[in-house]
Amino acid sequence: MELLYGPIRDYAWGSRSAIALLQGRPVPSAGPEAELWLGAHPSAPASVDRAGLRVSLCDLVRDEPGQWLGQRVSERFGTRLPFLLKVLAADAPLSLQAHPDAEQARVGYAADAGRPPGERNYSDPYHKPELLVALTPFEALCGFRDPTVSAEALAAFGVPALAPVVAALRTGPVGLRTAVQALLAWPVAERDELLGSVLAASGDGPDAELARRLAVAYPGDPGVLVALLLHHVGLAPGEAIWMPAGNLHAYLNGCGVEIMAASDNVLRGGLTPKRVDADELLRVLRFEVLEDPVRAAEPVGPGVDCWPVPVDDFALHRVRVGTAVPSVTLPLPGPRVVLCGAGSVTVDDGAGALTLASGQAAIGTAAGEPLRVSGDGEAYVATAGLR
């Protein structure tokens, strides 16, 4: 195993404490620290040490796919690491967003080829399903809830201008597209007045409180009302959110381990100063109710849990070792990225043992033996999801 050095993305919504505390650094950090990337996406690849120099994981995987990926992963995904592991730390709401499926990403990326960089929606031709496991209490909006419930939430504001949206939602899932399209297309000149009316009429319920919070962060943004069409959930540490392609979502607050297909394709719908392409978002959205976005950890052996997902790009296991379970051996094929989430763990794939402190990460090649984890701590192990 080798130490893996991941870059930290400084998006404005990031925390000034969560990632620093995880890594044992002083807080507050000098600026917002939103995401720690532990993968080989070209936007921000992690690196390993070679003779005192940092070498991009992208370059290593491209030049030596047989060693780093193995035959099965290479045959399925080509010369690229198919997953991206992150630590995400939010102190403010992220944008309302959705991700394309594989075919939408392929078509969209090709269509973007002739456009100026500032007008492109797709950064790569890959889908981006994702799983987030809470490290701390975590708050999120994820997937459409029952639209009749959303209809009553909007009707309670008593704002006449919202009557067509409420009427569409009362027809059930078939009205979701009409409702979302109407809110995203609201005339810019009338948005402040609309949200002002909503906030003036809002009471003390959870939907009203959420609308007020989002409106403070993003004044005049129609995403404030679109957010009220989604499940509003709170995760305890260890609980997860599974976000397949086409599901609208926004993370609001908290720190978690996130794993996804190795893509950076994001279609935004609001709660952001960044570019919003409402037409393209509407094209990729799934206008259906997401019955239950929250997933509990499933034990798969002493000290080992996972959160099964129906994709082969990635799988995530949590390993907890200590007095009760001194060590665990995981027969996981292909490349393995390990993040120490707490305490101290030693990881050994037969090519060399390495001890990780909290917030440190390691990577092992596909040529390694079954991964052995020991020590006194918690580790998250990311692999390809090929069965």
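Visitor: How far apart do the centres of the positive and negative side chains lie?

Guide: This is a predicted model: local features need pLDDT of at least 70, side-chain atom pairs count only at pLDDT 80 or more, and totals for chains, interfaces and linings use all residues. Residues are numbered from 1 along each chain as its sequence is written, and side-chain values use heavy atoms, leaving out hydrogens and water. The chain has 31 positive side chains (Lys and Arg) and 44 negative ones (Asp and Glu; His and the chain ends aren't counted). With charges placed at NZ of Lys, CZ of Arg, CG of Asp or CD of Glu, the two centres are separated by 3 Å.

Visitor: What's the radius of gyration of the chain?

Guide: There are 12 helices and 22 strands (DSSP runs numbered from the N terminus: H or I, at least four residues; E, at least two). The globule rule (2.2 Å times the number of residues to the power 0.38, with the radius taken over C-alpha atoms) gives 21 Å for 387 residues. The chain comes close to that, so it is as compact as a globular protein of that length, with a radius of 22 Å.

Visitor: Within what arc do the buried residues of H8 fall?

Guide: Leu176, Ala179, Val180, Leu183 and Leu184 are the buried ones (under 20% relative accessible area, 1.4 Å probe, protein chains only). They line one face of the helix, because seen down the axis, by directions to the C-beta atoms, they fall within 125°.

Visitor: Which helix do the buried residues of H5 pack against?

Guide: In H5 (residues 102-112), Gln104, Ala105, Gly108 and Asp112 are buried. They fall within an arc of 95°, so they line one face. Going by contacts (heavy atoms within 4.5 Å), their packing partner is helix H12.

Technical notes:
Buried means under 20% relative accessible area, exposed over 50%, partly exposed in between (1.4 Å probe, protein chains only).
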